[in-house]
Amino acid sequence: MLLTHSNLGRETQPVTALAPLRQTQYSARLALDRRTKEDAYRLRYDSYLASGYIEPNEARSFQDLYDDLPNSQTIVLYDEGVPVASVRTCTLAFGSGQRSPASDAFPEEVRKLLSQQSAIGVGGRAIETTRLVRSPAAENNQGLVFLLYRMAGYLGMTAHSQILLACVRRNHAPYYRRLGYSAVTEPRPYPGLNCPMQLMACTRRRYDEMRSAFPVIDPFAGTTESLDGFLSGESVSLSLVPS
């Protein structure tokens, strides 16, 4: 069932306060080397297995075909050198033929969103955040989600994305609404997991409102050091709250 796309136009909805955070330092790295990629795949495996979304395997690793696509990038967060969270992004452009889990699971809806953006002259570009996980030991650390969203947002901004996409379990939808997303579909089967997901989307305008209101999710706020080396695989330090 397709929900009305007018949901994406509710730019005047009040911004809901996010949870208070303690001062904590982490580092982020783009998975360009084999070791960082393996850290991401192990985090996914441990998280999904603990939640019952996948079956165990001997390699203790969770990887899929989207990881090797040229439009995919994966981020890993570390706490004093220990991998604790990860997220993958997939960029999409109208008419490019690029793929992502969302474009495969919700092809008509994603095509319509990209087409709408292309029609108003902003390029028809989107970025999907996917495989967002925390280690089981850090599953209650909400701050890690904010940091993953911050760094995924940075990749989206460097790609000039006008739509942010996420495929979300039903019980996580309220959290994404607090981050500025609106539902596009009802839940349906999703590649690689045995739980249904629904497509949610956030416009660039709404994203800019959210990051302005909450620096904890803003890639360019004082909570983040220079990101100049991040895209080339260098580690960057992240702080949950301004020092």
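**Overall fold, internal cavities and the setting of Asn 71**

The protein is built from 6 helices and 8 strands. The model described here is a predicted one. Read from the N terminus, the elements follow the order β-α-β-β-α-α-β-α-β-α-β-β-α-β. The chain has 243 residues, and 53% of them count as buried. Among contacts between residues at least 6 apart in sequence, 70% join residues at least 24 apart. The accessible surface amounts to about 11,100 Å², with 49% of this area belonging to carbon and sulfur atoms.

Turning to the interior, the structure contains 2 cavities of 30 Å³ or more. The largest cavity encloses about 80 Å³ of space. Its lining consists of 13 residues, and those nearest the centre are Ile 127, Ala 152, Gly 153, Gly 156 and Leu 164. Two or more lining residues come from each of β4 (125-134), α4 (142-158) and α6 (204-213). Of the elements, α4 contributes the most to this lining, with 5 residues. By class, the lining of the largest cavity comprises 7 nonpolar, 5 polar and 1 charged residue.

The second largest cavity holds about 40 Å³ of space. Around this cavity stand Thr 129, Leu 132, Val 145, Leu 148, Tyr 149, Ala 152, Tyr 176 and Leu 179. Here the elements giving two or more residues to the lining are β4 and α4. Helix α4 supplies the largest share of the lining, 4 residues. The lining of the second largest cavity has 7 nonpolar residues and 1 polar residue, with no charged residues. Ala 152 thus deserves a second look: it is among the residues nearest the centre of the largest cavity, and it also lines the second largest cavity.

A closer view of a single site is offered by Asn 71. This residue sits in the loop between α1 (34-51) and β2 (72-79). Asn 71 counts as buried because its relative accessibility is 8%, and the cut-off for buried is under 20%. The side chain of Asn 71 comes to 2.8 Å from the backbone oxygen of Thr 91. With neighbours within four places in sequence left aside, the contacts of Asn 71 are Thr 89, Cys 90, Thr 91, Leu 92, Gln 98 and Arg 99. Thr 91 therefore appears twice in this picture, as a residue in contact with Asn 71 and as the one whose backbone oxygen the Asn 71 side chain reaches.

Notes:
Residues numbered from 1 in each chain as written. Heavy atoms only, no water. Buried < 20%, exposed > 50% of the residue type's maximum accessible area, 1.4 Å probe, protein only. Polar contact = N/O pair within 3.5 Å; in protein donor to acceptor, adjacent residues only side chain to side chain. Contact = heavy atoms within 4.5 Å. 1 Å grid on protein atoms, 1.4 Å probe; cavity = no way out; pocket = protein on both sides within 12 Å on 5 of 7 lines; lining within 4 Å. Points joined across faces, edges and corners; volume = space filled by probe spheres on them. Nonpolar A, V, L, I, M, F, W, Y, C, P; charged D, E, K, R; others polar. Areas by Shrake-Rupley, 256 points an atom, 1.4 Å probe, with all protein chains shown as cover.
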